Amino acid sequence: TRLFMLTARPMDHDESIHAYLSYVLLRDHAYRYDPAFHGPFLYFATAGLFGIFGDSEFVARLTPVIFSLIAVTVAFKFKRWIGGSAYIFTFIMLFSPSILYYSRYARNDMILVGSFLAIVYCYFRYLESKKERFVYLSVLFFTIMICSKENAYIYLFIFASFLVLHGLFSEGFEYLKAKILKWDKRKIRIVLISSAIFLTMFTSLYSAGFSDWAGLERATVGALKHWFMMHASRDHWKPIYYYSLLLLWYEFMPLTLAIISIPEFIDRLEVKKLTKFELFTLYWLLMTLIAYHVLSHKVPWLLVHIATPMALFGCLYMDDLDRKITFRNIRVFRILLAGLMVATLHTSFYVTYVDYNDAVNQMLIYIQVQPSTIELAERIIYLHEHDHLIVVYEPMNDYWP
């Protein structure tokens with residue numbers, strides 16, 4: 001699903017920038033962080049892959065492919081908390097139209113999705129086992145997120161605020177006292193090793209191998225300032241219901257499962273049977289819906305950040321829904337689920353492998369470069385290589401393709 005026809009779709013505008021800057025990094029060892037082009041991890045990872053496998057459009061798209069497969073693998077590991085529902089969650093992470101399409105797209109978003117699922121898994125595994133390796137894996141993936149794209153701070157806020165709020169509601173202010181005031185050798189060791197992991201990767205990537213120390217300021221204050229300015233300037237503005245339309249059109253499966261799971265969640269809330277995992281899943285979904293609907297900067301690749309928690313929440317109560325949604329002993333839920341899966345496969349495969357250039361009729365596709373642009377570029381290259389004198393005029397700001 002990820003590698004088949006990976007180079008059939010022409011490199012999009014943003015993809016080509018990411019690939020070219022990665023190529024420059026490999027060729028000239030030159031990189032400078034700019035918030036407009038997001039974090040350095042994608043560039044260093046892609047440059048590394050170029051160095052190993054050679055530079056090509058196929059290799060340029062491998063980093064999101066790898067992290068999308070991490071997301072699929074981790075999704076199945078959630079079986080220890082959601083049982084057989086993990087099969088459905090894994091299905092959605094494999095075949096969700098937005099996730100599949102942008103898993104084959106040289107952008108940073110699937111790096112964040114795969115990394116955050118790994119963080120959630122490691123956190124709840126740590127609660128069970130108290131094994132320190134899960135802490136360090138979480139810190140590593142959080143650092144990768146922060147070094148990849150600025151909306152990682154949305155994820156960080158969601159995760160940290162949930163821990164604080166859950167701690168306060170369950171333990172009161174004793175929770176904060178324990179976290180802030182109570183220290184032992186193990187806690188000191190965890191903090192020191194975690195800090196070393198974060199600072200080493202964050203500093204080395206944003207400073208471009210310690211050659212651009214000002215990159216650290218741009219990575220923190222500068223990044224937040226830039227994206228607040230983009231929000232205020234209504235850059236890529238869309239109406240507040242933009243993602244709602246995309247969810248209805250493409251992510252109808254997680255949307256439907258999430259909606260019919262709400263009564264079951266409420267029933268479990270009333271009898272106080274909710275686990276921390278269930279509470280976190282709903283909190284992640286609600287906070288994500290609020291954040292991305294409020295932000296004026298709305299683009300279709302951000303849909304993957306909404307579809308993932310929606311799918312996880314929608315898969316929490318598969319067994320209960322299967323038992324309750326029946327008619328005259330007919331498992332109506334299974335019929336509904338089968339219909340959603342077939343429709344998802346059809347929609348996902350069509351937009352990914354058939355109609356992948358249609359930026360007019362496919363809302364999931366934004367500013368796709370068309371094959372005619374590639375033909376024009378190849379014509380110019382051909383004339384240049386055959387000693388023709390070429391003059392190229394570009395109107396306004398359409399220079400990049």
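A258 comes out as buried, at 6% relative accessibility, where buried means under 20% relative accessible area, exposed over 50% and partly exposed in between, using a 1.4 Å probe and protein chains only. This is a predicted model, so local features need pLDDT of at least 70 and side-chain atom pairs count only at pLDDT 80 or more, while totals for chains, interfaces and linings use all residues. Residues are numbered from 1 along each chain as its sequence is written, and side-chain values use heavy atoms, with hydrogens and water left out.

A258 sits in helix 15; helices (H or I, at least four residues) are DSSP runs numbered from the N terminus. Its C-alpha atom is 3.8 Å from that of G314, although 56 residues separate the two along the chain. Beyond its neighbours within four places in sequence, A258 contacts M310, F313 and G314, contact being heavy atoms within 4.5 Å.

Helix 16 (residues 276-294) behaves as its length suggests: at 1.5 Å a residue, its 19 residues should span 27 Å, and its end C-alpha atoms are indeed 27 Å apart. The expected span here is 1.5 Å times one less than the number of residues. Buried residues of helix 16 include F277, F280, W284 and Y292. The cover over the buried residues of this helix includes helix 5 (79-82), helix 8 (109-129), helix 10 (152-171), helix 14, helix 15 (252-270) and helix 17 (303-314).

Turning to the nonpolar interior, the largest core has 106 residues, and F78, F89, M93, F116, M253 and L257 touch the most other members. Such a core is a set of buried Ala, Val, Leu, Ile, Met, Phe, Trp, Tyr and Cys residues joined through side-chain atoms within 4.5 Å. Helix 8 supplies the largest share of this core, 14 residues. Not counting residues up to four places away in sequence, F78 touches G83, A86, F89, L117, V120, Y121, F277 and L312. A second, separate core has seven residues, among them A19, L49, F50 and V59.

On the surface, I240, Y241, L245, L248, W249 and M363 make up a nonpolar patch with about 660 Å² of accessible area together. W249, in helix 14 (residues 242-249), is exposed, with a relative accessible area of 53%.

Finally, helix 20 (residues 371-385) has 15 residues and reaches 21 Å from its first C-alpha to its last, close to the 21 Å expected at 1.5 Å a residue. Just after helix 20, D387 adopts a positive phi of about 65°.

How values were computed. Patch = residues over 30% accessible without salt bridge, like charges linked within 9 Å, V, L, I, M, F, W, Y side chains within 5 Å. Areas by Shrake-Rupley, 256 points an atom, 1.4 Å probe, with all protein chains shown as cover. Salt bridge = Lys/Arg side-chain N within 4 Å of Asp/Glu carboxyl O. Helix = DSSP H or I, 4+ residues; strand = E, 2+ residues; numbered from the N terminus.
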